[in-house]
Amino acid sequence: MIASTDYQTESPIVVERVRMPDNPKAGRYNASGKEDANGSVFVLRVGPSAHVWAVLEHNPKPGDRCAMIFENIRGTGMLDVIMSQWIKGGSGDLGENFNQPYIGEAVVVHLARYRARDAVKVVGLNSSTAEISVAAGVLFVPGSGA
Amino acid sequence: MSKEIKSHLPARVEHVWLPDKMPPQGTVASYDFKGNPEQNGSVTIANYGVQFVWARFREPVKAGQVAMMVFGNMLPRAVVLDGAATEWDMSADRPTIGDAVVELIAVERGMREGRIVCRNTHHADLPIAAGIAAPIDLPLG
């Protein structure tokens, strides 16, 4: 029998979660779903749909996987999601004072999307050689239950 | 004496510039990579409520190669977009599903641009197109 105490592990996945307001208006919210001028959740409304970006508080390091869980997205319907590099900024809405998604040298690999009742999880990987800011996005129609 | 140089197949990076004006609702139109209308152009846009865009890589993606397509001139609204990458039937000028698997690596968004990253996992070079679906032309709610 070969016994070993060696135990190899990858760096732990960074998992964060945010709670969506019931019927979000365009604006900025904190992770609890309260309106907050410095919150990490940005909502854009286009017609009946809500486009939500949630910025990860902890920047994934090179090779790190990261996940964002969106809670209170009603139903179990299939949804569109995305994960992108992000430029963190000061106060202001999406696109003001930075606070915007970004396409640069780093590629944020899309690893997985999960759906549970009233929740969505997006998983990505920082494939670059630098620590970067990342945000996950989801598109849904509030009140549709799908 | 030897000088060994190890190199991976470099990624292919292409850009397309979307037209300023989308085709009318319910229609499909073809453009070149600069956004000019062109019959059988490399960019096809279908406008059905949201806009569905296919952009064909101008040369076949080599076996094992990573390829990136950057979509420019999107409206400066950071809407979430959906992405795809698929084998392309050059004779019929449409997406196709064959034996090859085109791996979708990343779907990313900037303020005025989107990017699709994919890999040709097949053992032969392939015509490939990257696609996005996004509400580019809808009013803010």
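Visitor: Which residues point one way from β10(A), and which the other way?

Guide: This is a predicted model, and in it A:Val134, A:Ala136, A:Val138 and A:Phe140 point one way from β10(A), while A:Ala135, A:Gly137 and A:Leu139 point the other way. In a regular strand the side chains alternate between the two faces of the sheet.

Visitor: And are those residues buried or exposed?

Guide: All of them are buried. Seven of the seven residues of β10(A) are buried, so the strand is largely enclosed by the rest of the structure.

Visitor: Which strands does β10(A) pair with, then?

Guide: β4(A) is joined to β10(A) by six bridges, with the two running antiparallel, and β6(A) also pairs with β10(A) in the antiparallel sense, over six bridges. On the β4(A) side, A:Ala54 has A:Ala136 as its bridge partner in β10(A), and from the other pairing A:Ser84 stands opposite A:Ala135 in β10(A).

Visitor: What holds strands of a sheet together in general?

Guide: Strands of a sheet pair through backbone hydrogen bonds, and they do so either parallel or antiparallel.

Visitor: Let's move along the chain. Why is β9(A) described as largely enclosed?

Guide: Strand β9 of chain A covers residues 119-126, and six of its eight residues are buried, so it is largely enclosed by the rest of the structure.

Visitor: What are the partners of β9(A)?

Guide: One is strand β5 of chain A, residues 65-71, which runs antiparallel to β9(A) and is joined to it by seven bridges; there, the bridge partner of A:Met68 is A:Val122. Another is β8(A), which pairs with β9(A) in the antiparallel sense over eight bridges, and in that pairing A:Tyr114 has A:Lys121 as its bridge partner.

Visitor: How many residues lie between the strands in the hairpin of β8(A) and β9(A)?

Guide: That hairpin has two residues between the strands, and in it A:Asp118 takes a positive phi near 65 degrees.

Visitor: Changing topic: how many residues does each chain bring to the contact?

Guide: Chain A gives 25 residues to the contact and chain B gives 23 residues. On the side of chain A that touches chain B, the elements giving two or more residues are β3 (41-46), β4 (49-55), β6 (80-87), β7 (100-102), β8 (108-116) and β10 (134-140) of chain A.

Visitor: Which one gives the largest share, and what kinds of residues are there?

Guide: The largest share of the side of chain A that touches chain B comes from β6(A), with four residues. By kind, the residues of that side divide into 14 nonpolar, nine polar and two charged.

Visitor: How many helices and strands are there in chain B?

Guide: Chain B has zero helices and ten strands. Six strands of chain B form an open sheet with antiparallel pairing, in the order β2-β3-β4-β10-β6-β7, and its edge strands, each pairing on one side only, are β2 (27-31) and β7 (94-95) of chain B.

Visitor: How many bridges are there between β6 and β10 in that chain?

Guide: Strand β6 of chain B, residues 82-89, pairs in the antiparallel sense with strand β10 of chain B, residues 128-134, over six bridges. In β10(B), B:Ala130 is the bridge partner of B:Ala85.

Visitor: What about the overall dimensions of chain B?

Guide: Along its principal axes the C-alpha trace of chain B spans about 65 × 35 × 25 Å. For 141 residues a compact globule would have a radius of gyration near 14 Å, and the 16 Å of chain B agrees with that. Buried residues make up 36% of the 141 residues in chain B.

Notes: Residues are numbered from 1 along each chain as its sequence is written. Chains are lettered from A and ligands numbered from 1 in the order in which they are written. This is a predicted model: local features need pLDDT of at least 70, side-chain atom pairs count only at pLDDT 80 or more; totals for chains, interfaces and linings use all residues. Two residues are in contact if their C-beta atoms, placed from the backbone, lie within 7 Å. Ala, Val, Leu, Ile, Met, Phe, Trp, Tyr, Cys and Pro count as nonpolar, Asp, Glu, Lys and Arg as charged, and the others, Gly among them, as polar. Two strands pair if DSSP finds at least two bridges between them. A residue is buried if 20 or more other C-beta atoms lie within 10 Å of its own, exposed if 12 or fewer, and partly exposed in between; C-beta atoms are placed from the backbone. The radius of gyration is taken over C-alpha atoms; the globule rule is 2.2 Å times the number of residues to the power 0.38.
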